[in-house]
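Colleague: I'm new to this one, so could you take me through a single part of it in detail? I'd like a close look at the place where the ligand sits.

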Amino acid sequence: MKYKAWFRCSAGCNERYELTEIVYRCRQCGELLEVAHDVDKLRQRKPVSWKRLFDRRYMRTNWPYGSSVWGKKELVCPNVQNENIVSLYEGGSNLFWAERFGREIGLKNLWLKQCGNAHTGSFKDLGMTVLVSMVKQMLYEKKEILGVACASTGDTSAALAAYCAAAGIPAIVFLPKDKVSSSQLVQPLANNALTLSIDTDFDGCMKLVKEVCAKNNIYLANSMNSLRIEGQKTISIEIAQQFDWEVPDWVVVPGGNLGNVTALGLGFLMMKDLGIVDKLPRIACAQAQKANPLYLSYLKGFKEYRPVKAQKTLASAIQIGDPVSIKKAIKVLQRFNGVVEEASEDELANAAARADLTGLFNCPHTGVALAAIIKLLERGEIKPDEKVVVISTAHGLKFPDFKIHYHEGTLEGVTPLYRNQPVEVPADYEAVKGSILRAVEKRPYDYKPTLVPRPSAVED
Ligand SMILES: *Cc1c(COP(=O)(O)O)cnc(C)c1O
Ligand SMILES: [Zn+2]
């Protein structure tokens, strides 16, 4: 094998473990591990040659390289043998110019990276393909593993269940009872995962799954396992690739457990290290006001950090009070001249709905990021001519109740400014015509639509 990666201590101890070892924390100091790559070896290939290689593979069917995660295998996880890769064709998600919404909020160059247009409907697939592939590699190397487990706010469990089902490996998911959407609950059920509904919150589930994995040969799939970060790193590589290897001015991402913001930063740093890009963007992490420990730490210049008790928020996937990757995320944000912003329930729901009016269909977490952008623009932190990419983390269809209740006007703490309700009409021509006219008049379009009868119309 030409390239190689291994675990090392993220706090800088001189520890090194194989990626096939079942270990999540440094045995010296207890801090999280991170995946290290043989960068000298990677540097032997010229930047232009990396770009050509990645472009040649991008979204083709030459398995496994058509997956945008495995298309960057050398930078992600070179250790796994191709025959052990468990891939459902990750990445390659839509990155598009949100021209109309950008114009409305005063940003010329706003882009949305639709990471939720993915196999299980969230960006979690990117990391899970790497983790489950490594598990398959370990099983191939005769490691005894009963199964793979995670605590989840809904999307990690969906991804774990799908990848384990594809690999024929047991998945065990720990979900906080009544705190994930019904679509998210049905995903692991459909994929045959052992689904535990536990009477606690995410942080409570996390504590339990850690204990279960520490005491048994059950492999932990939460993002404290840094293999997932390696896969998620490809979000930034893919953004650069989709911009013909240019880097935007800002990337804005919603943060809960803070693995993704960490991954985003590490991806850009690795590309810079290898000369694939020549600058770094600024990163903004957006939190729900009801679960904002990173934001509170940011207000103190990152000098202090205190976990909070996460309150119930519509942005349920980031309802996390004690993020596992807090230290890594702070390091990344400092490196990227980063900022942290927060959004209230009212702000996140209205931002999501306002953007929906321009053709999007946002999940509440993307709403948090969009609300943060509006606030950062108002504060002058983001400038109107800067190029901004929002990471949309999940598909809006995973959160139907959020959408339905918004438009019904029944979300607690939200004054819906952009409601749309079905119009009940009797089965009668004049009534239908009348309601079309009234509806058209009420709405803001780019032109004034007028009703013109067609003289040639044939009546039965
Ligand atoms: C997991 C998740 C997040 C948060 O990512 P972290 O790595 O936990 O910060 C945000 N949005 C959605 C939809 C998610 O599933
Ligand atoms: Zn250490």
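Modeller: Let's start right at a contact: a backbone N or O atom of G259 lies 3.1 Å from an oxygen atom of ligand 1. Keep in mind as we go that this is a predicted model. With that contact in view, look at how wrapped up the ligand is: on its own, ligand 1 has 380 Å² of accessible area, and the protein covers 96% of it.

Two other contacts to oxygen atoms of the ligand are worth finding on screen. At N257 the backbone is involved again, with an N or O atom 2.8 Å from an oxygen atom of ligand 1. At D155, though, the contact comes from the side chain, where a polar atom lies 2.6 Å from an oxygen atom of ligand 1.

Now zoom out a little to the whole shell. Ligand 1 is surrounded by 14 residues, and the closest of them are K124, D155, G256, L258 and T393. So D155, which we've just met through its side chain, turns up in that closest set too. By type, the shell splits into five nonpolar, seven polar and two charged residues.

Next, the space itself. If you search the whole structure, you find four cavities of 30 Å³ or more. The largest has a volume of about 300 Å³. Its lining is made up of 26 residues, and F123, K124, N257, A317 and I320 are the closest to its centre. And where does ligand 1 fit into this? The space it takes is that largest cavity.

That lets you put the two views side by side. K124 is among the closest residues to ligand 1, and K124 is also listed among those closest to the centre of the cavity. N257 is in that central group as well, and you already know N257 from its backbone contact with an oxygen atom of the ligand.

What is the lining made of? Count through its residues and you get nine nonpolar, 14 polar and three charged. As for where they come from, three helices each supply at least two lining residues: α6 (155–167), α9 (227–232) and α11 (259–273). To trace it yourself, begin with the D155 side-chain contact, go on to the backbone contacts at N257 and G259, and then follow those three helices around the lining of the largest cavity.

Note on methods
Residues are numbered from 1 along each chain as its sequence is written. Chains are lettered from A and ligands numbered from 1 in the order in which they are written. This is a predicted model: local features need pLDDT of at least 70, side-chain atom pairs count only at pLDDT 80 or more; totals for chains, interfaces and linings use all residues. Side-chain values use heavy atoms; hydrogens and water are left out. On a 1 Å grid over the protein atoms alone, a cavity is a set of points where a 1.4 Å probe fits but cannot get out, and a pocket is an open set with protein on both sides within 12 Å along at least five of seven lines; lining residues have an atom within 4 Å of a point. Grid points are joined across faces, edges and corners, and a volume is the space filled by probe spheres set on the points. Helices (H or I, at least four residues) and strands (E, at least two) are DSSP runs, numbered from the N terminus. Ala, Val, Leu, Ile, Met, Phe, Trp, Tyr, Cys and Pro count as nonpolar, Asp, Glu, Lys and Arg as charged, and the others, Gly among them, as polar. A residue is near a molecule or strand if one of its heavy atoms lies within 4 Å of it. A polar contact is a pair of N or O atoms within 3.5 Å; within protein, one must be able to donate a hydrogen and the other to accept it, and residues adjacent in sequence count only if both atoms are side-chain atoms. Accessible areas come from the Shrake-Rupley method with a 1.4 Å probe; for residues, only the protein chains shown count as cover. A molecule sits in a cavity or pocket if more than half of its atoms lie within 2 Å of its grid points.
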